Amino acid sequence: MRTSGLMTLSSYKIDVKSLKDVIYLVMFSDLHWDSPQFCDDEWREFLYWAKHHRNAYFVGNGDYQDTFRATTRDNIQRFAEPEELGMIEETSLRHTQKLADQMKPLKGRLLGLGDGNHGWRFRDGRWDSEVLAQMMGCKFLGVKSIVNVQLCCQGQYTSFLYYQHHGRSGNTSTAGGPFNAVEKQGRHFDSVQVVAQGDDHNKGILRGKPRLRVVPSKSGDLLIKEYTPFYVRTGSFRKGFVPDTVDYAHEANYGPVSLGAPVLQMKMYKTQEDGLRLKMGEHSMI
Ligand SMILES: [Fe+2]
Ligand SMILES: [Fe+2]
């Protein structure tokens with residue numbers, strides 16, 4: 001298989017001190033951390049931002065390491081001797097631990113880490129992204145996952161559904177093209193508010209058309225609730241061009257990518273008819 005093929009459902013609770021607080025959701029993927037094309041400067045900036053934004057929460061969408069693509073991985077696992085596999089696993093563990101050490105500023109604020117198509121599968125069945133999630137003390141989300149994100153403040157709460165898939169590279173030739181597949185993914189489930197894909201190394205957030213839901217209020221009357229879906233491409237930390245190096249991105253003639261990770265900001269507010277509601281919008285990590 002190209003990825004773990006695993007789908008998960010989970011919940012994540014965020015305790016918010018005050019209704020005045022702005023909460024950030026950072027969706028990141030495609031670090032390709034051990035590739036010569038990995039952009040260390042952008043990654044350091046990301047970690048610095050994480051360290052200095054304590055109200056930020058993070059979710060990973062795969063390809064943290066470059067390691068092996070699916071076909072290469074399958075061939076190695078088929079033809080390598082047990083001691084050679086042992087050597088690869090040792091190296092992979094060491095790399096994963098080094099990456100986990102760098103990611104320390106995110107610890108305790110990770111909704112989870114999803115899986116991509118790059119990486120290593122250990123002989124005990126675990127993927128390197130799964131091992132990374134264990135090291136970070138968060139949930140391994142698999143390749144496709146829905147997280148029910150609950151924001152709780154002073155005994156009241158509101159929530160939204162976050163739905164991610166590692167994705168597949170597609171139409172990336174126009175600014176809007178990469179979002180088509182994400183919007184289509186959003187039709188799989190009712191009421192998912194944030195839908196994300198990685199893999200094509202595009203970064204951005206597209207605000208969808210508002211949707212309406214009819215729901216019963218506390219008093220039993222019917223209420224119309226509006227929510228706006230957001231379609232997200234979870235970015236990359238892998239450059240497309242490095243002179244005098246050999247790389248599949250050069251061979252495939254990939255275009256340039258916008259490095260970094262997209263961010264949503266959100267804030268709770270009180271309504272008279274229906275308790276807490278959530279306002280959401282794009283934020284730029286600069
Ligand atoms: Fe990738
Ligand atoms: Fe990928």
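Trainee: Why is Asp199 called buried?

Mentor: Good place to start, and keep in mind that this is a predicted model. Asp199 has 25 other C-beta atoms within 10 Å. A residue is buried if 20 or more lie within that distance, so Asp199 counts as buried.

Trainee: Where is Asp199 found, and what is notable about its phi?

Mentor: Asp199 sits in the loop between strand 8 (192–197) and strand 9 (203–207). Its phi is near 75 degrees, a positive value in a residue other than glycine. Most residues other than glycine have a negative phi.

Trainee: Which other residue has a positive phi although it is not a glycine?

Mentor: Take a look at His32, with a phi of about 50 degrees. You will find His32 in the loop between strand 2 (23–28) and helix 1.

Trainee: How do you know whether His32 is buried or exposed?

Mentor: Count again: His32 has 23 C-beta neighbours inside 10 Å. The cut-off for buried is 20 or more, so His32 is buried.

Trainee: And what makes Arg44 buried or exposed?

Mentor: Arg44, which lies in helix 1 (residues 40–52), has 11 other C-beta atoms within 10 Å. Exposed means 12 or fewer, therefore Arg44 is exposed. While you are there, find Gln102: its C-alpha atom is 9.2 Å from that of Arg44, although the two are 58 residues apart along the chain.

Trainee: Why is helix 3 called oblique to helix 4?

Mentor: Helix 3 (residues 82–102) and helix 4 (residues 128–136) pack at an angle of about 45 degrees, and their axes are 10 Å apart. Roughly parallel needs an angle under 35 degrees, and roughly perpendicular starts at 65. An angle of about 45 degrees fits neither, so helix 3 is oblique to helix 4. The crossing is right-handed.

Trainee: Which residues meet there?

Mentor: From helix 3 come Ser92, Thr96, Gln97, Leu99 and Ala100, and from helix 4 come Asp128, Val131, Leu132, Met135 and Met136. Sorted by kind, the residues of this contact are six nonpolar, three polar and one charged.

Trainee: Last one: how do you know that the radius of gyration agrees with a compact globule?

Mentor: For 286 residues, a compact globule would have a radius of gyration near 19 Å, and the protein has 20 Å, so the two agree. To round off the picture, the protein has six helices and 14 strands, and 39% of its residues count as buried.

Note on methods. Residues numbered from 1 in each chain as written. Chains lettered and ligands numbered in written order. Predicted model: local features only at pLDDT ≥ 70, side-chain atom pairs only at ≥ 80, totals over all residues. Helix = DSSP H or I, 4+ residues; strand = E, 2+ residues; numbered from the N terminus. Rg over C-alpha atoms; globule rule 2.2 N^0.38 Å. Axes fitted to C-alpha atoms, helices over the stretch in contact; angles between N-to-C directions. Left-handed = near helix turned anticlockwise from the far one by under 90°. Contact = placed C-beta atoms within 7 Å. Nonpolar A, V, L, I, M, F, W, Y, C, P; charged D, E, K, R; others polar.
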